[in-house]
Amino acid sequence: FKYATILGSYLLMMFYTVISGWLLYYFFKMARGNFQGLTTDGVEHVFSELLGDPVSMIVCTIIILVFSFAVCAMGIQKGVERVTKFMMFLLLILLILLAARSVVLPNAKVGLMYYLRPDFGAMFESGLWEAVFAAMGQAFFTLSIGIGVLAVFGSRIDKSHSLTSDALYMAGLDTFVALLAGLIIFPACFSFGVEPDSGPNLLFITLPNIFNAMEGGRFWGSLFFLFMVFAAV
């Protein structure tokens, strides 16, 4: 089992380190005010520029790797736990504020209906098994970090802790954050004319548009992407 989990961790790291580098890049861009005054197309162009700039992506990924090793070198409690507890609490508060802002954007009601109202006809039209496989893929990606956390921390805690209750708590909190993210993303998609099925683009195109529509958006956007960097780390 240990060799399979080591291999799985390496495969996940290939994905997460690159995305973490994107988040770091966006933090610098947001902090410098590069998104201010941009239209939806302008924000999309920034993301396209990033994807066509391997040097920036490599540099940001290396910074993330060095930082991650530094945190791990400080130890589980003094490094990983201390960073996680503080930054994740602040990120959760910011997500709640963003959701509150997103649901009052123009045309947000259409986005909320798209997100929250089931359309079983469309599901059967696309194919029931397609929906099942999509749900399984979502479960894998959304809980993969959680599985890794259980493997790492579960090997170090005493027997007074229940791994079952910890796993249920993790799944519940994960689902709550996912629903919260949907309340941020989908109303904003329909408000700013961004396709709601554009994958990672949602994080790097839709959210900067929300921040541009907010009072003090540069400040809140910088905080958001900084916290997301810590979440990814």
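Where in the chain is confidence lowest, and where is it highest?

**View 1. Confidence along the chain of this predicted model.** Helix H7, covering residues 128–154, comes out lowest, with a mean pLDDT of 78. At the other end of the scale sits helix H3, residues 54–73, where the mean is 91. Taken over the chain, the average pLDDT is 84, and 97% of the residues score at least 70.

**View 2. Helix H8 packing against helix H9.** Here we zoom in on H8 (residues 163–192) and H9 (residues 201–212), whose axes are 9 Å apart and cross at an angle of about 70°. The pair therefore counts as roughly perpendicular, since that label runs from 65 to 115 degrees. On the H8 side, look for Ile184, Ile185, Ala188, Cys189 and Phe192. Their partners in H9 are Leu202, Thr206, Leu207, Asn209 and Ile210. What kinds of residues make up this contact of H8 with H9? Eight are nonpolar and two are polar, with no charged residue in the set.

**View 3. Serine 20, a buried residue in helix H1.** Helix H1 spans residues 2–31, and serine 20 is part of that run. Is serine 20 buried or exposed? Its relative accessibility is just 2%, so it counts as buried, the cut-off being under 20%. The serine 20 side chain reaches back to tyrosine 16, coming to 2.5 Å from the backbone oxygen there. Once neighbours within four places in sequence are set aside, serine 20 is in contact with Ile64 and Ala232. For a sense of scale, arginine 101 lies 81 residues from serine 20 in sequence, and the C-alpha to C-alpha distance is 25 Å.

**View 4. Methionine 30 and the residues around it.** We stay in helix H1, which also holds methionine 30. This residue has a relative accessible area of 2%, so it is buried. Which residues does methionine 30 touch, not counting those up to four places away in sequence? The list runs Phe35, Pro208, Phe211, Gly217, Arg218, Gly221, Ser222 and Phe225. Lysine 2 makes a handy marker: 28 residues separate it from methionine 30 in sequence, and their C-alpha atoms are 40 Å apart.

**View 5. Asparagine 107 in the loop between helices H4 and H5.** The flanking helices are H4 (76–102) and H5 (108–116). Check the backbone at asparagine 107: phi is positive, about 70°, even though this residue is not a glycine. Relative accessibility at asparagine 107 is 44%, so it counts as partly exposed.

**View 6. Phenylalanine 176, a partly exposed residue of helix H8.** Back in H8, this close-up picks out phenylalanine 176. How does it rate for accessibility? At 40% relative accessibility, phenylalanine 176 counts as partly exposed. Alanine 4 is 172 residues away in sequence, and the two C-alpha atoms are 29 Å apart in space.

Notes. Residues numbered from 1 in each chain as written. Predicted model: local features only at pLDDT ≥ 70, side-chain atom pairs only at ≥ 80, totals over all residues. Heavy atoms only, no water. Axes fitted to C-alpha atoms, helices over the stretch in contact; angles between N-to-C directions. Helix = DSSP H or I, 4+ residues; strand = E, 2+ residues; numbered from the N terminus. Parallel < 35°, antiparallel > 145°, perpendicular 65-115°, else oblique. Contact = heavy atoms within 4.5 Å. Nonpolar A, V, L, I, M, F, W, Y, C, P; charged D, E, K, R; others polar. Buried < 20%, exposed > 50% of the residue type's maximum accessible area, 1.4 Å probe, protein only. Polar contact = N/O pair within 3.5 Å; in protein donor to acceptor, adjacent residues only side chain to side chain. pLDDT = per-residue confidence, 0-100.
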